[in-house]
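Me: I have a structure to go through before class. Can you take my questions as they come?

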Amino acid sequence: MKLPARVMTIAGSAAGGSAGIQADLKTFQELDAYGMSVLTAIVSKHPQTKKNVHLQTIEAIEAQFATAIEQVGVEGVKIGMLFSEEIIESVSGLVKQADINYLVVDPVMVGKMNSKLLEDKAIHALKEKMIPMATIITPNVPEASLLLDGRRITSVGELKQAAVDLYNLGCQNVLVKGGRLDGPAIDVLFDGKNMTLFEAPRMETANTSGAGCTYSAAITAFLTKGFSVYESVKKAKSFVTRAIEYGFSYTDIVGPTYHAAERKYGEASKIKIYHVNQGEAK
(Lines give C-alpha, C1' and ligand atoms only; values in the text may rest on other atoms or scores of the structure.)
Protein backbone atom coordinates (compact mmCIF):
# COMPACT_ATOMS: atom_id res chain seq x y z
CA MET A 1 0.00 0.00 0.00
CA LYS A 2 1.34 3.38 -1.00
CA LEU A 3 0.82 5.83 1.83
CA PRO A 4 -0.89 9.14 1.02
CA ALA A 5 1.11 12.36 0.80
CA ARG A 6 1.41 14.18 4.12
CA VAL A 7 0.11 17.75 4.13
CA MET A 8 -0.37 20.27 6.90
CA THR A 9 -2.41 23.44 7.13
CA ILE A 10 -1.28 26.18 9.50
CA ALA A 11 -4.27 28.48 9.62
CA GLY A 12 -7.29 29.79 11.46
CA SER A 13 -10.46 27.94 12.35
CA ALA A 14 -13.82 28.85 10.81
CA ALA A 15 -16.47 27.42 13.13
CA GLY A 16 -19.05 27.26 10.34
CA GLY A 17 -16.86 24.80 8.45
CA SER A 18 -16.65 26.74 5.19
CA ALA A 19 -13.14 28.20 5.34
CA GLY A 20 -9.81 28.01 7.17
CA ILE A 21 -8.54 24.68 8.45
CA GLN A 22 -11.97 23.09 8.02
CA ALA A 23 -11.98 23.82 4.27
CA ASP A 24 -8.33 22.77 3.99
CA LEU A 25 -8.86 19.40 5.65
CA LYS A 26 -11.93 18.68 3.53
CA THR A 27 -9.89 19.48 0.43
CA PHE A 28 -6.98 17.27 1.50
CA GLN A 29 -9.36 14.37 2.13
CA GLU A 30 -11.08 14.77 -1.24
CA LEU A 31 -7.69 14.70 -2.98
CA ASP A 32 -6.42 11.65 -1.09
CA ALA A 33 -3.79 13.47 0.96
CA TYR A 34 -3.26 12.91 4.67
CA GLY A 35 -4.19 16.20 6.34
CA MET A 36 -2.91 17.67 9.60
CA SER A 37 -3.55 21.06 11.15
CA VAL A 38 -1.96 23.68 13.35
CA LEU A 39 -4.56 26.11 14.62
CA THR A 40 -3.37 29.73 14.86
CA ALA A 41 -6.65 31.45 15.71
CA ILE A 42 -10.38 30.91 16.04
CA VAL A 43 -12.40 33.26 13.83
CA SER A 44 -15.88 33.48 15.35
CA LYS A 45 -17.82 36.55 16.47
CA HIS A 46 -18.96 36.52 20.08
CA PRO A 47 -22.61 37.58 20.26
CA GLN A 48 -22.06 39.97 23.17
CA THR A 49 -18.46 41.19 22.99
CA LYS A 50 -18.36 41.13 19.14
CA LYS A 51 -14.73 39.98 19.31
CA ASN A 52 -14.06 38.10 16.09
CA VAL A 53 -10.45 36.83 16.27
CA HIS A 54 -9.30 34.68 19.20
CA LEU A 55 -5.58 33.93 18.91
CA GLN A 56 -3.83 30.78 20.06
CA THR A 57 -0.71 31.14 22.16
CA ILE A 58 2.73 30.64 20.63
CA GLU A 59 3.18 27.68 22.97
CA ALA A 60 0.01 26.04 21.61
CA ILE A 61 1.09 26.62 18.01
CA GLU A 62 4.54 25.15 18.65
CA ALA A 63 3.03 22.17 20.47
CA GLN A 64 0.68 21.34 17.59
CA PHE A 65 3.48 21.57 15.03
CA ALA A 66 5.88 19.45 17.07
CA THR A 67 3.25 16.78 17.69
CA ALA A 68 2.36 16.47 13.99
CA ILE A 69 6.01 16.28 12.97
CA GLU A 70 6.80 13.63 15.58
CA GLN A 71 3.73 11.46 14.97
CA VAL A 72 3.48 11.71 11.19
CA GLY A 73 6.02 13.98 9.51
CA VAL A 74 5.12 16.37 6.72
CA GLU A 75 6.00 16.93 3.05
CA GLY A 76 3.82 19.89 2.10
CA VAL A 77 2.60 22.83 4.19
CA LYS A 78 -0.11 25.33 3.42
CA ILE A 79 0.02 28.62 5.32
CA GLY A 80 -3.27 30.43 5.85
CA MET A 81 -4.29 32.97 8.46
CA LEU A 82 -1.45 33.96 10.81
CA PHE A 83 -2.79 37.37 11.92
CA SER A 84 0.04 38.71 14.09
CA GLU A 85 3.72 39.52 13.67
CA GLU A 86 4.57 37.25 16.59
CA ILE A 87 2.79 34.26 15.03
CA ILE A 88 4.43 34.89 11.65
CA GLU A 89 7.87 34.92 13.25
CA SER A 90 7.14 31.73 15.18
CA VAL A 91 5.67 29.82 12.23
CA SER A 92 8.40 30.90 9.83
CA GLY A 93 10.97 29.57 12.29
CA LEU A 94 9.15 26.25 12.63
CA VAL A 95 8.85 25.81 8.87
CA LYS A 96 12.48 26.75 8.27
CA GLN A 97 13.71 24.09 10.69
CA ALA A 98 11.48 21.30 9.36
CA ASP A 99 12.18 19.10 6.35
CA ILE A 100 9.43 20.36 4.02
CA ASN A 101 9.36 19.91 0.25
CA TYR A 102 6.62 22.40 -0.62
CA LEU A 103 5.34 25.55 1.06
CA VAL A 104 2.18 27.23 -0.20
CA VAL A 105 1.56 30.65 1.33
CA ASP A 106 -1.97 31.97 1.05
CA PRO A 107 -1.48 35.48 2.49
CA VAL A 108 -4.81 35.64 4.28
CA MET A 109 -5.39 39.32 4.98
CA VAL A 110 -8.97 40.05 3.95
CA GLY A 111 -11.91 37.72 4.51
CA LYS A 112 -14.86 37.03 2.21
CA MET A 113 -16.92 39.66 4.01
CA ASN A 114 -13.94 42.07 4.04
CA SER A 115 -13.09 41.18 7.64
CA LYS A 116 -9.53 42.00 8.70
CA LEU A 117 -7.48 38.84 9.20
CA LEU A 118 -3.95 40.27 9.40
CA GLU A 119 -2.69 43.13 11.55
CA ASP A 120 -1.24 46.06 9.61
CA LYS A 121 2.10 45.81 11.39
CA ALA A 122 2.34 42.12 10.45
CA ILE A 123 2.37 42.74 6.67
CA HIS A 124 6.09 43.56 6.70
CA ALA A 125 6.88 40.35 8.61
CA LEU A 126 4.85 38.32 6.12
CA LYS A 127 6.76 39.83 3.21
CA GLU A 128 10.17 39.49 4.85
CA LYS A 129 9.98 36.16 6.67
CA MET A 130 7.33 33.95 5.09
CA ILE A 131 6.90 34.80 1.40
CA PRO A 132 10.60 34.32 0.44
CA MET A 133 10.38 30.67 1.58
CA ALA A 134 7.29 29.92 -0.50
CA THR A 135 7.07 27.51 -3.39
CA ILE A 136 4.05 29.57 -4.43
CA ILE A 137 1.96 32.40 -2.98
CA THR A 138 -1.75 32.71 -3.78
CA PRO A 139 -3.10 36.21 -3.00
CA ASN A 140 -6.49 37.43 -4.16
CA VAL A 141 -6.87 40.97 -5.54
CA PRO A 142 -7.23 42.81 -2.18
CA GLU A 143 -4.30 40.86 -0.73
CA ALA A 144 -2.11 41.48 -3.77
CA SER A 145 -2.96 45.16 -3.48
CA LEU A 146 -1.92 45.27 0.19
CA LEU A 147 1.32 43.41 -0.52
CA LEU A 148 2.06 46.01 -3.22
CA ASP A 149 1.54 48.95 -0.87
CA GLY A 150 -2.06 49.65 -1.79
CA ARG A 151 -1.76 49.52 -5.57
CA ARG A 152 -5.09 49.44 -7.42
CA ILE A 153 -5.73 46.26 -9.40
CA THR A 154 -8.80 46.60 -11.58
CA SER A 155 -7.98 44.79 -14.83
CA VAL A 156 -6.34 41.63 -16.12
CA GLY A 157 -3.39 43.72 -17.31
CA GLU A 158 -2.86 45.06 -13.80
CA LEU A 159 -3.29 41.52 -12.47
CA LYS A 160 -0.46 40.34 -14.71
CA GLN A 161 1.82 43.17 -13.65
CA ALA A 162 1.02 42.45 -10.00
CA ALA A 163 2.14 38.84 -10.48
CA VAL A 164 5.47 40.02 -11.90
CA ASP A 165 6.05 42.48 -9.06
CA LEU A 166 5.00 40.04 -6.33
CA TYR A 167 7.51 37.54 -7.69
CA ASN A 168 10.20 40.03 -6.74
CA LEU A 169 9.36 39.46 -3.06
CA GLY A 170 11.44 36.29 -3.33
CA CYS A 171 9.00 33.40 -3.78
CA GLN A 172 9.43 30.78 -6.50
CA ASN A 173 5.97 31.23 -8.06
CA VAL A 174 3.03 33.63 -7.82
CA LEU A 175 -0.64 32.93 -8.46
CA VAL A 176 -2.75 36.09 -8.32
CA LYS A 177 -6.44 35.20 -8.16
CA GLY A 178 -8.69 37.56 -10.10
CA GLY A 179 -12.06 36.31 -8.90
CA ARG A 180 -12.99 39.72 -7.52
CA LEU A 181 -12.56 41.47 -10.86
CA ASP A 182 -15.43 41.83 -13.32
CA GLY A 183 -15.86 39.26 -16.06
CA PRO A 184 -14.65 35.65 -16.03
CA ALA A 185 -12.57 34.36 -13.11
CA ILE A 186 -8.99 34.77 -14.38
CA ASP A 187 -5.93 33.82 -12.33
CA VAL A 188 -2.35 34.63 -13.31
CA LEU A 189 0.55 32.24 -12.63
CA PHE A 190 4.11 33.57 -12.96
CA ASP A 191 7.36 31.69 -12.28
CA GLY A 192 9.85 34.42 -13.13
CA LYS A 193 9.93 33.50 -16.82
CA ASN A 194 6.62 32.03 -17.90
CA MET A 195 3.16 33.49 -17.40
CA THR A 196 -0.04 31.47 -17.68
CA LEU A 197 -3.64 32.60 -17.38
CA PHE A 198 -6.33 30.24 -16.11
CA GLU A 199 -9.86 31.31 -16.98
CA ALA A 200 -13.16 29.92 -15.74
CA PRO A 201 -16.67 31.29 -16.29
CA ARG A 202 -18.04 33.35 -13.44
CA MET A 203 -20.57 31.39 -11.42
CA GLU A 204 -23.79 33.16 -10.49
CA THR A 205 -23.63 32.34 -6.80
CA ALA A 206 -22.92 34.15 -3.57
CA ASN A 207 -21.93 30.92 -1.85
CA THR A 208 -18.16 31.12 -2.24
CA SER A 209 -17.03 31.11 1.38
CA GLY A 210 -13.71 29.30 1.64
CA ALA A 211 -12.99 29.27 -2.09
CA GLY A 212 -9.55 30.81 -1.65
CA CYS A 213 -8.64 28.46 1.17
CA THR A 214 -9.82 25.50 -0.88
CA TYR A 215 -7.85 26.60 -3.95
CA SER A 216 -4.54 26.93 -2.10
CA ALA A 217 -5.14 23.71 -0.15
CA ALA A 218 -5.74 21.86 -3.42
CA ILE A 219 -2.50 23.27 -4.87
CA THR A 220 -0.67 22.06 -1.75
CA ALA A 221 -2.13 18.57 -2.06
CA PHE A 222 -1.28 18.23 -5.76
CA LEU A 223 2.27 19.54 -5.30
CA THR A 224 2.88 17.12 -2.46
CA LYS A 225 1.56 14.27 -4.59
CA GLY A 226 4.26 15.01 -7.17
CA PHE A 227 2.62 17.29 -9.75
CA SER A 228 4.42 20.33 -11.14
CA VAL A 229 3.38 23.83 -10.10
CA TYR A 230 1.61 24.33 -13.44
CA GLU A 231 -0.27 21.02 -13.23
CA SER A 232 -1.10 21.60 -9.57
CA VAL A 233 -2.64 25.00 -10.31
CA LYS A 234 -4.49 23.60 -13.34
CA LYS A 235 -5.98 20.74 -11.33
CA ALA A 236 -6.75 22.97 -8.34
CA LYS A 237 -8.51 25.50 -10.61
CA SER A 238 -10.81 22.72 -11.84
CA PHE A 239 -11.41 21.50 -8.28
CA VAL A 240 -12.34 24.92 -6.89
CA THR A 241 -14.41 25.88 -9.94
CA ARG A 242 -16.57 22.80 -9.48
CA ALA A 243 -16.78 23.49 -5.74
CA ILE A 244 -17.99 27.05 -6.41
CA GLU A 245 -20.43 25.88 -9.09
CA TYR A 246 -22.18 23.66 -6.56
CA GLY A 247 -21.89 26.01 -3.58
CA PHE A 248 -24.88 26.10 -1.25
CA SER A 249 -26.20 27.59 1.99
CA TYR A 250 -28.37 26.35 4.82
CA THR A 251 -29.38 29.90 5.83
CA ASP A 252 -29.53 33.41 4.37
CA ILE A 253 -25.82 33.82 5.22
CA VAL A 254 -23.18 33.30 2.50
CA GLY A 255 -22.54 29.58 2.32
CA PRO A 256 -19.63 27.26 1.49
CA THR A 257 -18.20 25.87 -1.69
CA TYR A 258 -18.98 22.17 -2.07
CA HIS A 259 -15.78 20.19 -1.66
CA ALA A 260 -17.25 16.92 -2.98
CA ALA A 261 -18.46 18.48 -6.25
CA GLU A 262 -15.64 17.31 -8.51
CA ARG A 263 -15.82 13.77 -7.15
CA LYS A 264 -19.57 13.67 -7.72
CA TYR A 265 -19.89 15.61 -10.97
CA GLY A 266 -16.49 15.33 -12.67
CA GLU A 267 -13.82 17.88 -13.53
CA ALA A 268 -14.75 21.38 -14.68
CA SER A 269 -14.86 21.34 -18.47
CA LYS A 270 -14.78 25.06 -19.20
CA ILE A 271 -11.32 26.01 -17.91
CA LYS A 272 -9.34 27.91 -20.54
CA ILE A 273 -5.55 28.25 -20.36
CA TYR A 274 -3.49 30.94 -22.06
CA HIS A 275 0.32 31.00 -22.19
CA VAL A 276 1.59 34.58 -22.34
CA ASN A 277 4.75 35.57 -24.19
CA GLN A 278 7.80 35.89 -21.95
CA GLY A 279 8.06 39.31 -20.32
CA GLU A 280 4.55 40.38 -21.34
CA ALA A 281 2.55 42.08 -18.60
CA LYS A 282 0.12 44.38 -20.36
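Reply: What follows covers cysteines, nonpolar cores and cavities, in a model that is predicted.

Me: How many disulfides are there?

Reply: Zero turn up in a search of the whole structure.

Me: Why no bond for cysteine 171?

Reply: A disulfide needs two cysteine sulfur atoms within 2.5 Å. The closest cysteine sulfur to that of cysteine 171 belongs to cysteine 213 and is 19 Å away, so it is too far for a bond.

Me: Is cysteine 171 buried or exposed?

Reply: Cysteine 171 is buried, at 3% relative accessibility. Cysteine 213 is buried as well, with a relative accessible area of 16%.

Me: OK, new topic. Which residues touch the most other members in the largest nonpolar core?

Reply: Met8, Ile10, Ile79 and Val91 do, in a core of 50 residues. Helix 3, residues 85-97, gives the largest share of this core, with five residues.

Me: What is methionine 8 in contact with?

Reply: Leaving aside neighbours within four places in sequence, the contacts of methionine 8 include Phe28, Met36, Phe65 and Val77.

Me: What lies apart from that largest core?

Reply: Another core, of 23 residues, lies apart from it; Val7, Tyr215, Ala218 and Val233 are among them.

Me: And how many cavities of 30 Å³ or more?

Reply: The count is one. The largest cavity holds about 40 Å³ of space.

Me: What lines the largest cavity?

Reply: Its lining includes Ile79, Leu82, Val105, Asp106 and Leu126. By class, the lining has seven nonpolar residues, one polar and one charged. Ile79 therefore appears twice here: it lines the largest cavity, and it is one of the residues with the most contacts to other members in the largest nonpolar core.

Notes: Residues are numbered from 1 along each chain as its sequence is written. This is a predicted model: local features need pLDDT of at least 70, side-chain atom pairs count only at pLDDT 80 or more; totals for chains, interfaces and linings use all residues. Side-chain values use heavy atoms; hydrogens and water are left out. Buried means under 20% relative accessible area, exposed over 50%, partly exposed in between (1.4 Å probe, protein chains only). A nonpolar core is a set of buried Ala, Val, Leu, Ile, Met, Phe, Trp, Tyr and Cys residues joined through side-chain atoms within 4.5 Å. Helices (H or I, at least four residues) and strands (E, at least two) are DSSP runs, numbered from the N terminus. Contact means heavy atoms within 4.5 Å. On a 1 Å grid over the protein atoms alone, a cavity is a set of points where a 1.4 Å probe fits but cannot get out, and a pocket is an open set with protein on both sides within 12 Å along at least five of seven lines; lining residues have an atom within 4 Å of a point. Grid points are joined across faces, edges and corners, and a volume is the space filled by probe spheres set on the points. Ala, Val, Leu, Ile, Met, Phe, Trp, Tyr, Cys and Pro count as nonpolar, Asp, Glu, Lys and Arg as charged, and the others, Gly among them, as polar.
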